[in-house]
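I opened a new model today and kept notes as I went. Here is what I looked up, one entry at a time.

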Amino acid sequence: MKNVHAIIAFAIIICSCKSTPPKEEQIRFESADAPDTRDTTNSVNSNAGYKMSTYPQRVILNGMPQHRLITIYKYLPPKKEARNTFSSSNSYDRGEYWDDDHDQHFMPGIDLLFGYNLLNLAHYDMKSEQLNYLFQRPVLIKSVYYPSYEQDSVGDKPNRKPIIRDYFLVSAYDEDTNGDTLLNRHDLRRFYHFNASCDVKTQLIPPDYSVLRSQYDFDNDVMYIFARHDDNKNGKSEPNEETHVFWISLKAPAAAKRMY
């Protein structure tokens, strides 16, 4: 019997080694993420003057051929593989889902990318050959709504009308709202509209809210946004705080209107 207990204890130890939780996605602004020996040519500059090692992962093809977005991820040095352990990799597109019901197009005319260690997006104009960044310093981007590459239409034949989306929507943790020198999911999550050239940014939800999820209304072509209010003004999103509902028109997104 003692041998059985010993085997079980040994198995538990082995399993615990294999299931080490992944490191939390975050940026530390106080000391900055120290650059490693990797070439930092692909870097995102911060207001504090330091550089953070990054790499471009993909070009987002969308329904506006002139405008392309490049995803910029935090560079994580590969871990050495150890025997009898699982190695972690540089993961992306693992962010939380705003809504569990989504098809190939998340909403008519709109596709969605989920970010994990996604620090920034770069906009490139194919005609002017100019590059600009959506954010001036590293942030944690959680979701990117962009015009679908294949155009959608509404209505029955032969009266179908094309759906035209000429903007980008981005949710991100872009400020250390709770003052702990870290930028992570414990801060307030903001929601922005960018025009096609990504040189005009509009905050859609008031700054004392943290966005939680979204829902699409097909009949009105609007997006409902559920957001938690920072009732105690401590810069954190806490479960006991009130959740309110806002809406924006997807035909012409502007500052959201509160409906509940």
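Before the first entry I needed a cut-off: a residue is buried when its relative accessible area is under 20%, exposed when that area is over 50%, and partly exposed in between. I also reminded myself that this is a predicted model.

**Entry 1: His193**

Is His193 buried or exposed? I found a relative accessibility of 14%, so His193 counts as buried. Its place is in strand S13, which covers residues 190–195. Next I asked which residues His193 touches, leaving aside those up to four places away in sequence. I noted Tyr167, Phe168 and Leu169, then Val200, Lys201, Thr202 and Leu204, and finally Pro253.

**Entry 2: the sheet that holds S13**

I followed S13 into its sheet, an open one of five strands in the order S5-S8-S11-S13-S14. The pairing there is antiparallel. Which strands stand at the edges? They are S5 (110–114) and S14; each has a single partner strand, so one side of each is left without a neighbour in the sheet. I also looked up the turn between neighbouring strands of this sheet, and on average it is 20 degrees, direction ignored.

At the S5 edge I checked the pairing with strand S8 (residues 140–147) and counted five bridges in the antiparallel sense. For one position in that pairing, I noted that Leu113 stands opposite Val144 in S8.

**Entry 3: two positive phi values**

I then looked at backbone angles. Cys198 is not a glycine, yet has a positive phi of about 60 degrees. I placed Cys198 in the loop between S13 and strand S14 (201–203). With 4% relative accessibility, Cys198 counts as buried.

Glu129 also went into the notebook: this residue other than glycine has a positive phi, near 60 degrees. Where is Glu129 found? I traced it to the loop between strand S6 (118–125) and strand S7 (130–133). Glu129 counts as exposed because its relative accessibility is 56%.

**Entry 4: strand S3**

Two residues of S3 caught my eye. Met52 is found in this strand, and I wrote Met52 down as buried because its relative accessible area is 1%. I then compared sequence and space for Met52 and Lys74: they are 22 residues apart in sequence, while their C-alpha atoms are 7.5 Å apart.

Val59 is found in S3 too, a strand that covers residues 51–60. At 45% relative accessibility, Val59 counts as partly exposed. Which residues make the nonpolar surface patch with Val59? I noted Leu61 and Tyr149, and the patch comes to about 300 Å².

**Entry 5: a sheet of four strands**

My last stop was an open sheet of four strands, ordered S15-S16-S17-S18 and paired antiparallel. Its edge strands are S15 (209–217) and S18 (257–258), and each of them pairs on one side only. How many bridges join S15 and S16? I found eight, in the antiparallel sense, with S16 covering residues 222–229. One pair I wrote down by name is Gln215 with Tyr224, its bridge partner in S16.

Notes: Residues are numbered from 1 along each chain as its sequence is written. This is a predicted model: local features need pLDDT of at least 70, side-chain atom pairs count only at pLDDT 80 or more; totals for chains, interfaces and linings use all residues. Side-chain values use heavy atoms; hydrogens and water are left out. Buried means under 20% relative accessible area, exposed over 50%, partly exposed in between (1.4 Å probe, protein chains only). Contact means heavy atoms within 4.5 Å. Patches are made of residues with over 30% relative accessible area and no salt bridge: like charges are joined within 9 Å, nonpolar side chains (Val, Leu, Ile, Met, Phe, Trp, Tyr) within 5 Å. Accessible areas come from the Shrake-Rupley method with a 1.4 Å probe; for residues, only the protein chains shown count as cover. A salt bridge is a side-chain nitrogen of Lys or Arg within 4 Å of a carboxyl oxygen of Asp or Glu. Two strands pair if DSSP finds at least two bridges between them. Axes are lines fitted to C-alpha atoms, for helices over the stretch in contact, and angles run from 0 to 180 degrees between N-to-C directions.
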